[in-house]
Each structure stands twice: as C-alpha cells, then as structure tokens.
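The following note sets out comments on the model for a colleague at the bench. The points are numbered for ease of reply.

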Amino acid sequence: MSTAKKKLAEQRKKIPIVKGYLIENPSSEKGWRLFRFWCPHCRYYHQHGFPPAEEYNSRSKYEEHRAAHCTNMDSPFRDTGYFLRPFTAKELQET
Ligand SMILES: [Zn+2]
C-alpha cells in the first residue's frame, strides 16, 4: 500500500460509522432514497440522501461519507462527519 493510501486508511478509521435505515423517496427521479438514523448527540433523527441499490453496491462503502447535520455544537460528528451504513429493520433490532 502506498503512503498516501495508508494515510487515507488511517484517517478513515477515525471517522465513525452510523447505522440507519433506508426510506424510499418517491420524489427522487433518479431513485435516490433517504437514509435516516438516530443521532445520540442531538437526540433526534438525521436524514441524508442515499444512492439507489445498484449504484450503492458498485461503490466503495467509504464513499457514503457525509458532513454531520448536528445541531449540537458539542457533537464529535461535527469534526469528522460520518459514514452511512444502511441496515434492515430486523438487523437494527438485533444490534
Ligand atoms: Zn447529530
């Protein structure tokens, strides 16, 4: 692995991954969905646009990085943003 790649991998490790679920978004013409998760820092749901299944599956999972929508100024997400990882309702219940 090149030094640049290693550095990037190290940076990624410091970025949290948030678990959420997907909602269909009928108003999106390109099949984009909505990703929603409960933010423990703000204590309410954050929502982000999320690519359609085919597009998501062909991408690196590290591409779904988003800037945090935190309104809590003390939230650590504000510094790093986070990676979105969708889970099914069943999977969320089990974790
Ligand atoms: Zn938040």
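1. Phenylalanine 35 has histidine 48, in β3, as its bridge partner. The model in which this pair appears is a predicted one. The pair belongs to the contact between β2, residues 33-39, and β3, where seven bridges join the two antiparallel strands. The two strands form a hairpin with four residues between them. Within that turn, arginine 43 has a positive phi of about 60 degrees.

2. Strand β2 also pairs with β1: three bridges join these strands, which run antiparallel. One point to inspect here is isoleucine 23, whose bridge partner in β2 is leucine 34. On the other hand, β1 (residues 17-23) runs parallel to β5 (residues 82-86), and four bridges join that pair. Isoleucine 17 is placed opposite phenylalanine 83 of β5.

3. Taken as a whole, the sheet is open and has five strands, in the order β3-β2-β1-β5-β4, with mixed pairing. Which strands stand at the edges? They are β3 (44-50) and β4 (65-66); each has a single partner strand, so one side of each lacks a neighbour in the sheet. When side chains along this sheet are inspected, a general pattern may be kept in mind: in a regular strand, side chains alternate between the two faces of the sheet.

4. As to the overall layout, the chain contains four helices and five strands. Along the sequence they follow the pattern α-β-β-β-α-β-α-β-α. The C-alpha atoms fill a box of roughly 45 × 35 × 30 Å along the principal axes. Of the contacts between residues at least 6 apart in sequence, 44% join residues at least 24 apart.

5. Buried residues account for 9% of the 95 residues in the chain. The largest nonpolar core has seven residues: Val18, Phe35, Phe50, Ala68, Phe77, Tyr82 and Leu84. Phe35, discussed above for its pairing with histidine 48, is thus also one of the core residues. As general background, nonpolar side chains tend to be buried together in soluble globular proteins.

6. Phenylalanine 77 merits separate comment. This residue lies in helix α3, residues 77-80. Why does phenylalanine 77 count as buried? It has 21 C-beta neighbours inside 10 Å, and the cut-off for a buried residue is 20 or more. Leaving out residues up to four places away in sequence, phenylalanine 77 touches Pro16, His41, Ala68, Cys70 and Tyr82. Between the C-alpha atoms of phenylalanine 77 and proline 51, which are 26 residues apart along the chain, the separation is 21 Å.

7. Alanine 68, another member of the core, touches Ser75, Phe77, Arg78, Gly81 and Tyr82 when residues up to four places away in sequence are not counted. Phe77 and Tyr82, both touched by alanine 68, are themselves listed in the core.

8. Histidine 46 is the final residue for attention; its place is in strand β3. Is histidine 46 buried or exposed? With 21 other C-beta atoms within 10 Å, histidine 46 is buried. Beyond its neighbours within four places in sequence, histidine 46 is in contact with Phe37, Cys39 and His69. Arginine 78 is 32 residues from histidine 46 along the chain, and their C-alpha atoms are separated by 13 Å.

Terms used:
Residues numbered from 1 in each chain as written. Predicted model: local features only at pLDDT ≥ 70, side-chain atom pairs only at ≥ 80, totals over all residues. Pairing = 2+ DSSP bridges. Core = buried A, V, L, I, M, F, W, Y, C linked by C-beta atoms within 7 Å. Buried ≥ 20, exposed ≤ 12 C-beta atoms within 10 Å, placed from the backbone. Contact = placed C-beta atoms within 7 Å.
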